[in-house]
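Open the structure in your viewer and switch to a cartoon view. Keep the selection tool at hand, and follow the stops below in order.

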Amino acid sequence: MNIVYQGSFLREGLQQLGHRVFPVSFARDRTLDEQVDAACADPDFVLIELWGDTNLPTGLSESRHRLVAHCIDSPLNEYWISELGKVFDDLFVDQLSSVAALTREGLRAVWLPVCVSESAFRQPARKEHAIAFVGRFSPERVKRLNIVTALRRRYLVYVAEGVSVAGMADIFARSRIVLNENLFSGLTLRVLQGMASGSPVLTEANAAGVDDFFRDGIHLVAYTPSTLLEKAGQLLADDDASQAIASAGQEACRAGHTSRRRAEELLAALAANAARNARRDQPVRRLAEARAFARLCQRYGGLLSPARRTARNLLQDGGNVAGEAACLLGDMEAWRGRAEEAIRLYFLALRQGHVFPAALKLALLFLQAGDTRRARRLLDTGRPALAENVETAGNEADSSPEAILLHMAETCFARGRVFYPGWLKPLGDPVPETALEVALMAWKRGPSARILDMLLRCADACALEGQMLPYLLEAVRRGFATDAHIVRTAQAAERLYNQDLARSVLDAFRKQGRARRQQALADRLFRQSDPAHGQRAGQEKTP
């Protein structure tokens, strides 16, 4: 086969299988077909690895070639992959969780985990480090820092950032334990690189997809917040058992996780059309490409002009995606701070029948301008189209900004727009359309127990409970946290490997819990004996 390929993971394997691989590095100022034709006159398919800030050419939606995408760190990039995937013919993701996430977006995807090259494997080496971790540290990686801090209280931990792949393999080979922490739940490259190095891997338990290939205690060692120090100590204390795990892990990695093995799996899936998506209508493909490029610019920077130009053309064509094109144009104007032009475009989207996002975003802009009356009226007018059977949070007559935002969050949640885990917007977004982001807007205006409950619902749906710890702690400090919230605070701290904080919260809860419950009972008895209580009973709900 002739394969035009932008990426790194599968090149070695495809070449070992005898295929001709034409490496490219796409430029953004030329179309895909122009650059593919310059590399290979007649490729069987074009394979592109999609990372966060991958260089992508224009004209993907108009390509005549079979386009195959392999999405790397897919949970972190679902926000834009869910759009760009609509212009690819075959879609592969490196993390199991993204298969279901993209299915909900109407996309068929096949799980194709990352892999290691032959150069990643190492012979037994002299151990220089007790425990080694290679990876980035940032404010979003709180759990990672807590894990390393906890281990350093008892053991020597070597940490490295910004090293090459070869350098990472060398560090792992010279370590008695390779430590892995998951930014998202899944089978990560660090686990496979650690196994290939010939050292035992100590990784977080219950990561999605790991148990499909490896057994705890045989190929690697899995830890939890309560067993981290114990498992590390056992590996360091028993060299024979540690080496047995390292050898079994390396053997399993070589047998099933090399570039050649992954290339075989990719080609088999392509032959069976297992990852194939039917080509959508051309306007739908063009809109999807424009949305994806706009979201990439919002996340990583760059020029919005290509996405804006495509959206304007689609709006002028007046086809079945005109309303969505108007809404996308409104988004880009809102990101630039041009609220009046964004409002005009959102109303145009409404008239074109694109109700839910346009009405939601209009209400958000009206709220930011202080016009709560128009925001509430817009939501009431569009309620049937926004969502059916949405339980309104609180009193319908409450037109405070916090109540309106909370209702918007409920609406987004009911439509399945909860959040895209791991995706960050450094510059913020004045017009989000996910429940968690809208609930956070409500929290910033006026934190409350109701809003906290909404945040926790979103976190539970997206496996982000640990990220809720700052909001739980603020609720405790402000005094409106319930007993259930306090218990959740301790649980979140424990899941972030902050055992000291978890114990402190639980100790305080045990000391104060009895008094809190007694006070709550006294308050309830007082309300029942209050003559005015009976007049309000029909309007109030007991929490």
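This tour of a predicted model starts at the sheet and then visits salt bridges.

**Stop 1: the sheet**

Select the strands. Six of them form an open sheet. Read across it in the order β2-β1-β3-β4-β5-β6. The pairing is parallel. As general background, strands of a sheet pair through backbone hydrogen bonds, either parallel or antiparallel.

Now look at the edges. β2 (20–23) and β6 (110–111) stand there. Each has a single partner strand, so one side of each is left without a neighbour in the sheet.

**Stop 2: strand β4**

Select residues 67–71, which make up β4. Is this strand mostly covered or mostly uncovered? It is mostly covered, with five of its five residues buried.

Show the side chains. Which residues point which way? Leu67, Ala69 and Cys71 point one way from β4. Val68 and His70 point the other way. Residues on both sides are buried.

**Stop 3: the neighbours of β4**

Add residues 45–50, strand β3. β3 and β4 pair in the parallel sense over five bridges. Pick out two of the partners. Valine 46 has leucine 67 as its bridge partner in β4. For leucine 47, the bridge partner in β4 is valine 68.

Next add residues 90–93, strand β5. How many bridges link β4 and β5? There are four, again in the parallel sense. Find cysteine 71: its bridge partner in β5 is valine 93.

Then add helix α3, residues 74–84. Together, β4, α3 and β5 make a right-handed β-α-β unit.

**Stop 4: from β5 to a loop**

Turn to charged side chains. In general, side chains of opposite charge can pair when their charged atoms come close. A search of the whole structure finds 32 salt bridges.

Stay on β5 and select aspartate 90 together with arginine 276. They form a salt bridge, with the closest N and O atoms 4.0 Å apart. This pair links distant parts of the chain. Aspartate 90 is in strand β5, while arginine 276 is in the loop between α10 (259–271) and α11 (282–300). The two are 186 residues apart.

Is each partner buried or exposed? Aspartate 90 has 0% relative accessibility, so this residue counts as buried. Arginine 276, at 33%, counts as partly exposed.

**Stop 5: within helix α10**

Select glutamate 265 and arginine 261. Their side chains meet in a salt bridge (3.5 Å, N to O). Both residues lie in helix α10. They are four residues apart, about one turn of the helix. Glutamate 265 is partly exposed, with a relative accessible area of 27%. Arginine 261 also counts as partly exposed, at 34% relative accessibility.

**Stop 6: between two helices**

Move on to glutamate 333 and arginine 308. Here the side chains meet in a salt bridge of 4.0 Å, N to O. The pair links distant parts of the chain, 25 residues apart. Glutamate 333 is in helix α13 (residues 322–335), and arginine 308 is in helix α12 (residues 305–317).

Why do these two count as buried? The cut-off is under 20% relative accessible area. Glutamate 333 is at 5% relative accessibility, so this residue counts as buried. Arginine 308 is at 12%, so this one counts as buried as well.

**Last stop: a network**

Finish by selecting Glu83, Lys86, Arg291 and Glu324. Salt bridges that share partners join these four into one network.

Note on methods
Residues numbered from 1 in each chain as written. Predicted model: local features only at pLDDT ≥ 70, side-chain atom pairs only at ≥ 80, totals over all residues. Heavy atoms only, no water. Buried < 20%, exposed > 50% of the residue type's maximum accessible area, 1.4 Å probe, protein only. Pairing = 2+ DSSP bridges. Right-handed = clockwise from strand over helix to strand, strands pointing away.
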